[in-house]
Amino acid sequence: MKKALALLLAIIFAAVPCMTGFAMSEESWYEYWETDESQSGITVFPGSDESERRFSWYSGSGSEPKVEITESGTGSKKVFSGECIKTYSGDYANKVTVTGLKEGTEYTYVCVSGDYRSDEYEIRTADGKAFTAMYVTDIHISDGEDEEADSVRDDALLYNNVIEAAGNISGIDIILSAGDQASRGLEREYKGLSASPAGRGITFAPAIGNHDRKGVDFRTFKNLPNEKKDGLNTSYIGFDYWFLKGDTLFMVLESNNGSGIDHHAFMESAVKQNKDVRWRVVIMHHDLYSGRIPHRESENELLRLIWGPMFSEFQIDLALLGHSHYYSVSDVLYNNKTVTEIKGNDELVNAPGTVSIVSGSINHPRTGEEELAFNDTLGYYYKEQGSQIIFNLIDFKEESITVKSYSYDTGEQFNTLTLKKDSQRGGHPEKGAPLYQPLINLAGTIYQFFNNISVWQRLKESGFEVSLTDVLFKGNR
Ligand SMILES: [Fe+2]
């Protein structure tokens, strides 16, 4: 009966992107929420490139998981197997990688593990070098301290409605999420994050936020490509990773981890392996330049010492950040200094540095009137009319990247930023990093060793049975 209800709801939801202005009603969502299908946590992560996708979902029993993938039109079907690992709650997390996907092709997929067989969902690969991403941050699916289910359910509904609102404006190929997907890092929260039927047809690329690191379940939730697992110091729950899409190299950085030596080695290797890709985009959680929260400015100053020169050395065009829950755009920066001022609604041709954007938040938009911190690299910030519930649609093309930023409350497109360049280098200088930079990177690596000890203490105090050896060294696997 539940299966039939889930199927009926899935058919209804499949029509949703065609209905302009439609958001799922509370009543429909609450019914869907009670189905096993809503709680299966199905997520499609990026593969190393467009020909791959990596699937992840939860099940109550462990067995060899499979993804059945069928090319729409031809009906040609392939089955891929993977592995399952036990989660901290006693469930199983299933991981399957699908390869050999063609460009510009629609597929349907079904996830199978033991006696669980998911509904059928559609995914589409990008055609050529153009694709559209939705960039959001701080989705904050939150399990309340009192363990009540309602907050996860309600937060997941808002996120679902944001996906649908964005999907009404443009088809979305991938969601770029700059961290704090969950507030306590719990499996239940990641199940809520991945409950949206519309989201299950879109690839999801998450960075790890400081809140994701409050628990340990991001580690079993994720299934990500090209992770750097061999660092001197890494995070227990995840790593830097990269993937290619269109003509863009995405480097997703674990910014809770201050190990500058490891991040530098990761970026150097990712860039070296993808020399001919035109655009380089970083996604990470900590905001560095947004400066809307004065007490965080000292933290940002320290983080900028590590990340700013790295963005410049590796000629990063665009950095998509989070953490402050306020929308802002930095000037074009080179080694943390403004080289071109921007004021909003700009078009930049051959920018001589990196632009960083911080989006708002989905479930925890800030509404206070905090003073701007005195940070002269902040180019533009959005003074909200509704709230800081913000989503961005980014059109990636060979010759340009255009970021269109929207208020969820008003539907207004309040800012547009276009980057253009006529070659891979564009306007990026080739000066290399400051001579003292390796020392700063080393200081970050030493700091992280001790920080990992405090992470282990905090996890223990929160009731997680995690050994110190695991936190210090098994993150390195
Ligand atoms: Fe956050």
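User: In this predicted model, which residue of β6 is the bridge partner of Cys84?

Analyst: Cys84 belongs to β5, an edge strand covering 83-86. Strands β5 and β6 (residues 92-98) pair in the antiparallel sense over 4 bridges. In β6, the partner of Cys84 is Asn94.

User: What is the order of the strands in the open sheet?

Analyst: The sheet has 4 strands with antiparallel pairing. Its edge strands, β1 and β5, each pair on one side only. The order is β1-β2-β6-β5.

User: By what angle are neighbouring strands of this sheet turned against each other on average, direction ignored?

Analyst: The sheet is open and its pairing is antiparallel. With direction ignored, the average turn between neighbouring strands is 25°.

User: Which residue stands opposite Arg53?

Analyst: Strand β1 (residues 43-46) pairs with strand β2 (residues 53-59) in the antiparallel sense, over 4 bridges. A hairpin of 6 residues joins β1 to β2. Arg53 lies in β2, and opposite to Arg53 stands Pro46.

User: Are α6 and α8 parallel or oblique to each other?

Analyst: The axes of helix α6 (residues 260-273) and helix α8 (residues 437-461) come within 6 Å and cross at roughly 120°. Angles of 65 to 115 degrees count as roughly perpendicular and those over 145 as roughly antiparallel. The crossing angle is in neither range, and therefore α6 and α8 are oblique.

User: How many charged residues are in the contact of α6 with α8?

Analyst: On the α6 side the contact is made by Gly260, Ile261, Asp262 and His264. The α8 side supplies Ile440, Asn441, Leu442, Gly444 and Thr445. By class there are 3 nonpolar and 5 polar residues, and the number of charged residues is 1.

Conventions
Residues numbered from 1 in each chain as written. Predicted model: local features only at pLDDT ≥ 70, side-chain atom pairs only at ≥ 80, totals over all residues. Pairing = 2+ DSSP bridges. Helix = DSSP H or I, 4+ residues; strand = E, 2+ residues; numbered from the N terminus. Axes fitted to C-alpha atoms, helices over the stretch in contact; angles between N-to-C directions. Parallel < 35°, antiparallel > 145°, perpendicular 65-115°, else oblique. Contact = placed C-beta atoms within 7 Å. Nonpolar A, V, L, I, M, F, W, Y, C, P; charged D, E, K, R; others polar.
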